[in-house]
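Okay everyone, thanks for coming. I'd like to walk you through a structure that's new to most of you, so let's put it up.

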Amino acid sequence: MHTITFLGTSAGVPTRTRNVSALALQLENSKEWMLFDCGEGTQHRIMNTSLSAYHLSRIFITHLHGDHVYGLCGLLASKGMQRCESALEIYGPPGLRELLENVMHLSQLNLPFDLKIFEISEGTLLRYEGFKIDVVALSHSIVSFGFVISFDDRPGHFDAEKARSLGIPEGPLFARLKRGESITLPDGSTIEGSTLVGPPTRGKRIVIGGDNDAPLLFAPYAPFDLMIHEATYTQADFDRLPRKFLHTTAKQLSLAAEQMGVDHLILNHISPRYDKNDRISELLDEAKRYFSGKVDIAYDFMQIGV
Ligand SMILES: [Zn+2]
Ligand SMILES: [Zn+2]
């Protein structure tokens, strides 16, 4: 199972219990992990988990607002101090390169590892071993992206016992059968791999959204096993705001998730007003009114398996 750890779940500014945006995804059976957004203080959050900056291999930035990116330079500098020499890839919107190169130049930050900066755009498809990431353009006051992560299907269970009972020697023939190929034995008989391999397991698909006021922008990629998306306000609070910001309400997100076929919905990027006044349950109640699946409000250090 892959593991998601929430490192920061507050919107805009930190509170006593919530830091600003950051989320870690650690792949199954791997020390390496990926970071999505890096608000100020993220490296302090990382120190309170079993994750190590040393094994951080990729960072994805949804947008360049400070609460999603001001922790980046500090984290890079600390990673550099650990004498980590394997390359680090950073993906984010246009301007990310200028931001990083200016800070690194002005503060004379020289990293011992290769920093590969990739500026992404709508439709960028990133392919890695075992999964792919689609970049989705969102609706916010500056360029903002969401990430749809689709894990590859897993091959079905191979019945090794049955294969042995058919007199097939272990080794290359086993490997070919596992791939579903057919083989011919020395006695001339043919065995189809499909008779020894169970049905494949469907790869999970998850959404990690950036700031956005239109969650249905993810609809072309639906359905989703897990959707992690901002729900900064309840609808009632949003309606009362004298000035509207381009954020999603719990109601709006839940209606969209219901429509898109989401199994598990996690509300994230929570306005500090709910945390400070013990009003978190208002967000959850509103979400449950419009969404029939499993729903949670993210909190710092919350972990879930995918
Ligand atoms: Zn934000
Ligand atoms: Zn923002």
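Let's go straight to the site of the zinc ion (ligand 2), which comes out as irregular: the angles among its 4 donor atoms run from 89 to 169°. Keep in mind that this is a predicted model.

So which residues coordinate this zinc ion (ligand 2)? They are His63 through NE2, His65 through ND1, His140 through NE2 and Asp211 through OD, at 2.2 to 2.3 Å. Along the chain, those donors follow the spacing H-x1-H-x74-H-x70-D. His140 sits in the loop between β8 (131–137) and β9 (145–151), and Asp211 in the loop between β12 (205–208) and β13 (224–230), so this pair ties together parts that are 71 residues apart in sequence.

Are those two buried or exposed? His140 is buried, at 13% relative accessible area, and Asp211 is buried too, at 2%. Asp211 also has a second job here: this aspartate bridges the zinc ion (ligand 2) and the zinc ion (ligand 1), which are 3.5 Å apart.

Okay, zooming out. The chain splits into domain 1, made of 3–154 + 201–305, and domain 2, which is 160–195. Their C-alpha centres are 45 Å apart.

One last stop: helix α10, residues 280–290, where Leu283, Glu286 and Ala287 are buried. Looking down the axis of α10, you'd see its buried residues fall within an arc of 100°, so they line one face of the helix. And what covers them? Among the elements doing that are α7 (235–240), α8 (250–260), β14 (262–268), α9 (272–276) and β15 (294–297).

Terms used:
Residues are numbered from 1 along each chain as its sequence is written. Chains are lettered from A and ligands numbered from 1 in the order in which they are written. This is a predicted model: local features need pLDDT of at least 70, side-chain atom pairs count only at pLDDT 80 or more; totals for chains, interfaces and linings use all residues. Side-chain values use heavy atoms; hydrogens and water are left out. Donors are N, O and S atoms within 2.8 Å of the metal (3.2 Å for Na, K and Ca); water is not among the atoms, so sites may look incomplete. Four donors count as tetrahedral if all angles lie between 85 and 135 degrees; four count as square planar and six as octahedral if opposite donors are over 155 degrees apart and all others between 65 and 115; anything else is irregular. Helices (H or I, at least four residues) and strands (E, at least two) are DSSP runs, numbered from the N terminus. Buried means under 20% relative accessible area, exposed over 50%, partly exposed in between (1.4 Å probe, protein chains only). Domain bounds come from an automatic or database domain assignment. The arc is that of the directions from the helix axis to the C-beta atoms. Contact means heavy atoms within 4.5 Å.
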